[in-house]
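Visitor: I would like to go through this model with someone who can say what lies behind each term. Could we begin once it is in view?

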Amino acid sequence: MKNFLISSLVFFHLTLVSVRSDVIQETCDKAARGDPATIRLDFCLSAFEGNPKAKSATSVADLVEISIETSIANATSMGSLITSLLDNKSIGIFARNCLEDCSELYSLAGSNLRRGGKAFEGKDFGTANIEITAAMDAPVTCEDGFKEKGLVSPLTKENKNFFQLTAIPLVFMKMVQK
Ligand SMILES: *[C@@H]1O[C@H](CO)[C@@H](O)[C@H](O)[C@H]1NC(C)=O
Ligand SMILES: *[C@@H]1O[C@H](CO)[C@@H](O)[C@H](O)[C@H]1NC(C)=O
């Protein structure tokens with residue numbers, strides 16, 4: 001009887017764990033297949049890895065909220081990175097101007113994402129869509145700023161990363177609406 005109880009508990013536990021991780025796997029899979037130009041499967045999976053909230057997510061809507069939070073955190077982190085780059089006294093005036101623009105852009109992106117998250121919670125998908133799409137302009141405009149001045153962007157990798165990260169809630173949201 002005791003053994004039976006233990007084994008059914010273990011079974012129950014394993015079932016729960018697999019159901020939970022399936023939401024991430026299935027949704028990332030579906031997104032990567034439906035929108036291969038925007039969502040890469042390995043990137044999508046790694047965006048949720050090690051996030052305790054993601055582990056207990058049970059729906060695509062949960063994942064939208066979690067990925068918006070992750071994007072907000074990354075916008076903040078981009079702000080800190082840019083601040084530390086600006087600390088370098090040998091940076092030229094043009095590069096400095098570009099970095100300051102990027103800092104402003106990521107601060108606005110954070111606000112867009114926060115409004116997008118609120119709109120999503122209120123099931124106002126139209127507004128959520130507009131706000132999250134607006135946030136994705138930040139890395140593009142930031143990158144263009146350096147290009148226009150003929151400078152090598154010190155943020156290329158991070159800009160691409162933020163763009164891909166923020167595409168996740170946008171694409172996932174389309175699945176929630178269906
Ligand atoms: C978020 O931003 C930082 C820049 O500070 C970047 O290096 C990092 O890879 C990003 N994190 C995630 C989870 O994408
Ligand atoms: C500071 O900026 C200069 C000029 O862009 C660069 O050569 C140098 O590596 C930077 N120093 C640090 C510590 O990032």
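Visitor: Which helices each supply at least two residues of the shell around ligand 1?

Guide: Helix H4 (60–86) and helix H8 (156–177) do so, where a helix is a DSSP run of H or I of at least four residues, numbered from the N terminus. The largest share, four residues, comes from H4. This is a predicted model, in which local features need pLDDT of at least 70, side-chain atom pairs count only at pLDDT 80 or more, and totals for chains, interfaces and linings use all residues. Residues are numbered from 1 along each chain as written, chains are lettered from A and ligands numbered from 1 in the order written, and side-chain values use heavy atoms, with hydrogens and water left out.

Visitor: What makes a residue part of the surroundings of ligand 1?

Guide: One of its heavy atoms must lie within 4 Å of the molecule, and the residues surrounding ligand 1 are Asn74, Ser77, Met78, Leu81, Glu158, Asn161 and Leu165. They divide into three nonpolar, three polar and one charged.

Visitor: Why is the pairing of asparagine 74 with ligand 1 called a polar contact?

Guide: A polar contact is a pair of N or O atoms within 3.5 Å, and an N or O atom in the side chain of asparagine 74 is 2.4 Å from an oxygen atom of ligand 1, so the pair qualifies. Serine 77 has a polar side-chain atom 2.6 Å from a ligand 1 oxygen, and for asparagine 161 the distance from a side-chain N or O atom to such an oxygen is 2.7 Å. The protein covers 60% of the 370 Å² of accessible area that ligand 1 has on its own, by the Shrake-Rupley method with a 1.4 Å probe.

Visitor: How do you know that cysteine 28 and cysteine 44 form a disulfide?

Guide: The definition asks for cysteine sulfur atoms within 2.5 Å, and here the S to S distance is 2.1 Å, so the pair meets it. The torsion about this S-S bond is about -80°, which means that the disulfide is left-handed. Because cysteine 28 lies in helix H1 (residues 2–34) and cysteine 44 in helix H2 (residues 41–48), the pair ties together parts 16 residues apart in sequence.

Visitor: Which residues are around ligand 2?

Guide: They are Asn88, Ser90 and Ile91, and a polar side-chain atom of asparagine 88 lies 2.4 Å from an oxygen atom of this ligand.

Terms used:
A polar contact is a pair of N or O atoms within 3.5 Å; within protein, one must be able to donate a hydrogen and the other to accept it, and residues adjacent in sequence count only if both atoms are side-chain atoms. Ala, Val, Leu, Ile, Met, Phe, Trp, Tyr, Cys and Pro count as nonpolar, Asp, Glu, Lys and Arg as charged, and the others, Gly among them, as polar.
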